[in-house]
Amino acid sequence: MADHLTDDIVVKVRGLKTAFGPHVVHDGLDMDLRRGEIQGIVGGSGTGKSVLLKAIIGLIKPVSGRIEIGGKSRSDMTDEEDRLSRRDWGVLFQDGALFSSLTVAQNVQVPLREHFHMPQDLMDDLAISKLTMAGFPLDAAAKFPSDLSGGMRKRASLARALALDPQLLFLDEPTAGLDPIGAAAFDGLVHELCKSLGLTVFLVTHDLDTLVRVCDRIAVLGDQKILINAPLEEVMAFDHPWVQEYFHGPRARAAGIKENG
Amino acid sequence: MSDFLLDNAFVKVERCENSATVHLAGDWIIDNAVAIDSLMASVKLAAGDNPMFDCSAIGALDTTGAVLIRRFSDGCEHSDGAPLVNIQARHTKLLEVISCSPPPVSTEPDQIAWYLLPLLQAGTATVGAFRSGGRLLGFLGLVLMRLMGALFDLGRVRLVPVVHQMEVIGLQSMGIVGLISFLIGAVMVNQGAIQLAKFGADIFVIDMLGIGHLRELGILLTAIIIAGRSGSAFTAQIGSMVLHEEVDAMKTLGMDPIDVLVLPRLMAITICLPLLAFYADVVGVAGGALMAWIQLDITPANFLIYFREVITIDHYWVGIIKAPFFAAVIATTGCYNGLRVQGSADDLGARTTRSVVQSIFLVIVLDALFAIFFTSVGL
């Protein structure tokens, strides 16, 4: 996997500090996200994986620190630049976060409608293409999100995240709540799509299978920082009790991680 | 011998003897999608039959661009979509992902013709009204069954939620109920006095206030305020619990949602509404007395003497007896609509609106029936 590890950094986080009142989540966190890589983020519950994701996409305002996306610092952007920069990334929220009053296809068209003035038939064509890419069964394109299963909602949400052809994709626990077969299929889909579209992916997960199968690099969050950010083999060799427990526990063996691999 | 039939930044159409080559150029990305899509018709016209698409000069390409290329190739007159040639290595994967054109499917929910829509809506509304009337009646029966059961088995009554609901429904609405009753009492005397003064009968404004406010307005206004304030809250609270599957969780834990959610609210509102109605009566009459003092120079002492003389206790009872019935209607409609929420946040909003409209409507209908009843028994 080492062949596409480049030094072209898309997202650069330096000295990030986030806090909710007196409760500090991250302190002095540094992280790089390299172009074309699928970056996994792991960590125990409450270590702030989702908070880090939300800080990078701007849903949470950090207390201090710099977040650069594509070489531009978030804090220096004007409102207009900030709005436009949102076109460059897609986000898949944990529970899909589809708009419940719109059909699936209309959900995919929302970002297109917001940023462009396209004719309806082109938007229909694009929405259907994106849904096909996300492996969504097309006969359900006119259904409402409440009529769908969890796995279908994730696929629909992935299609919406891809609607604007982002270079950067944020996935928050993409396989949570899916059955193992559905999760494996979704992992495969994410991997294939990201490699064929050349996307950079920031993937928050608990799922060891996903880490092993999909991620080029794994960052471990703990003690309010990134403990290590490296390919799987190096992370597994890293000397930290949580990391050892996580990668060498019974569930890790079940996921096919070999001891001292 | 060749020339360019169409020549711009994205597409050049080159026509040879019997076939055309469409040269694609520039950045085929989402930002240019609208411009590229608008070229489609002219390209189709210029390319004629059996064109080929030359992709060698394309700059950047994304999935939207790939979809556009597929649209162009599908759109042209060719047996099986026009072929793409000279695809650059870096674009092959992307074009493969998008290669097969998906079948046309609808992206919006099915819609019927506009001229049939009013008929459909009238029909659905009528059927819906009967159905929901029936269901509401059924729900009322179910609640009464559980209530009777709870009265014989007092351990099932959840006292803490009842008291909490009493605080929310009763205590916290005293401000708004008091204010509105006071103003209505005052306005009634103010307007009544002007009209009755024309007959020199302005003292009868006290009769009017007493009868009007105690029999009808006091309780009706209170019920409408509570329907808007607490009925909607019932629906929203219970409805969002349904959406989060909390009600299902309750059922699996052996708790009856009617016992846990409906009965405390029903009991609390049945206790509170008569009390609030009494309070509204007092404050409304006080407002009237104040206005009588200001406008007609009737001192509060004289007002009271005259009021006790002309207003019998019957008027008060006629008003207050309606309160528990209104309370039952408001609680039942609110809780029923809450429990029937399904699917989305949209439905929760629609149900909340419907709950308030239904309960106000039912309260007024019930009030009219009471008026007929009391007139016919001579009260």
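The legends below describe close-up views of a predicted model.

**View 1. The four-stranded open sheet of chain A and the helix packed on it.** Four strands of chain A form an open sheet in the order β2-β1-β4-β5, and their pairing is antiparallel. The edges are taken by β2 (23-34) and β5 (72-73) of chain A, each of which has a single partner strand, so that one side of each is left without a neighbour in the sheet. Within this sheet, strand β1 (residues 9-20) of chain A and strand β4 (residues 64-69) of chain A are joined in the antiparallel sense over five bridges, and A:K17 has A:S64 in β4(A) as its bridge partner. Helix α1 (residues 49-57) of chain A packs on this sheet, where it touches β1, β2 and β4 of chain A, and its direction makes about 115° with that of β1(A).

**View 2. The six-stranded open sheet of chain A.** This open sheet follows the order β6-β7-β8-β3-β9-β10 in chain A, with mixed pairing. Its edge strands are β6 and β10 (225-230) of chain A, and each has a single partner strand, so one side of each is left without a neighbour in the sheet. On average, and with direction ignored, neighbouring strands of this sheet are turned by 15° against each other. Strand β3 (residues 38-43) of chain A runs parallel to strand β9 (residues 217-222) of chain A, and five bridges join the two; in β9(A), A:A219 is the bridge partner of A:I41. Helix α1(A) packs on this sheet as well, touching β3, β6, β7, β8, β9 and β10 of chain A, with its direction at about 150° to that of β7(A).

**View 3. The surroundings of edge strand β6 in chain A.** Strand β6 (residues 89-92) of chain A is covered on both faces, since A:W89 and A:V91 on one side and A:G90 and A:L92 on the other are all buried. In a regular strand, side chains alternate between the two faces of the sheet. The strands β6(A) and β7(A) pair in the parallel sense over four bridges, and A:V91 stands opposite A:F170 in β7(A). Helix α5 (residues 150-161) of chain A lies across β6 and β7 of chain A and runs at about 165° to β6(A).

**View 4. Aromatic pairs in chains A and B.** Over all chains, the structure holds 13 aromatic pairs. One of them joins A:F170 and A:F202, whose ring centres are 5.4 Å apart and whose planes stand at 50°, so the pair is tilted. Because A:F170 lies in strand β7 (residues 168-172) of chain A and A:F202 in strand β8 (residues 200-204) of chain A, the pair ties together parts that are 32 residues apart in sequence. A:F170 is buried, with a relative accessible area of 0%, and A:F202 likewise counts as buried at 0% relative accessibility. In chain B, the rings of B:F370 and B:F374 have their centres 5.8 Å apart and their planes at 15°, so this pair is stacked. B:F370 and B:F374 are four residues apart in helix α14 (residues 345-376) of chain B, and are thus separated by about one helical turn. Both B:F370 and B:F374 are buried, and they belong to one aromatic cluster with B:F325, B:F326 and B:F373.

**View 5. Helix α13 and a buried threonine of helix α14 in chain B.** Helix α13 (residues 323-339) of chain B has 17 residues, which at 1.5 Å a residue should span 24 Å, and its end C-alpha atoms are 24 Å apart, in agreement with that expectation. Of these 17 residues of α13(B), 13 are buried, so the helix is largely enclosed by the rest of the structure. B:T352 has its place in helix α14 of chain B and is buried, with a relative accessible area of 17%. Leaving aside residues up to four places away in sequence, B:T352 touches B:S232, B:T235 and B:A236.

**View 6. Two loop aspartates with positive phi.** A:D165 is not a glycine, yet its phi is positive, at about 50°. A:D165 is placed in the loop between α5 and β7 of chain A and, at 12% relative accessibility, counts as buried. B:D297, also not a glycine, has a positive phi of about 60°. The loop that holds B:D297 runs between α10 (257-296) and α11 (300-310) of chain B, and B:D297 is exposed there, with a relative accessible area of 65%.

Definitions and conventions: Residues are numbered from 1 along each chain as its sequence is written. Chains are lettered from A and ligands numbered from 1 in the order in which they are written. This is a predicted model: local features need pLDDT of at least 70, side-chain atom pairs count only at pLDDT 80 or more; totals for chains, interfaces and linings use all residues. Side-chain values use heavy atoms; hydrogens and water are left out. Two strands pair if DSSP finds at least two bridges between them. Contact means heavy atoms within 4.5 Å. Axes are lines fitted to C-alpha atoms, for helices over the stretch in contact, and angles run from 0 to 180 degrees between N-to-C directions. Rings of Phe, Tyr and Trp (its six-membered ring) pair if their centres lie within 6.5 Å; planes under 30 degrees apart count as stacked, over 60 as edge-to-face and the rest as tilted. Buried means under 20% relative accessible area, exposed over 50%, partly exposed in between (1.4 Å probe, protein chains only). The expected span of a helix is 1.5 Å times one less than its number of residues.
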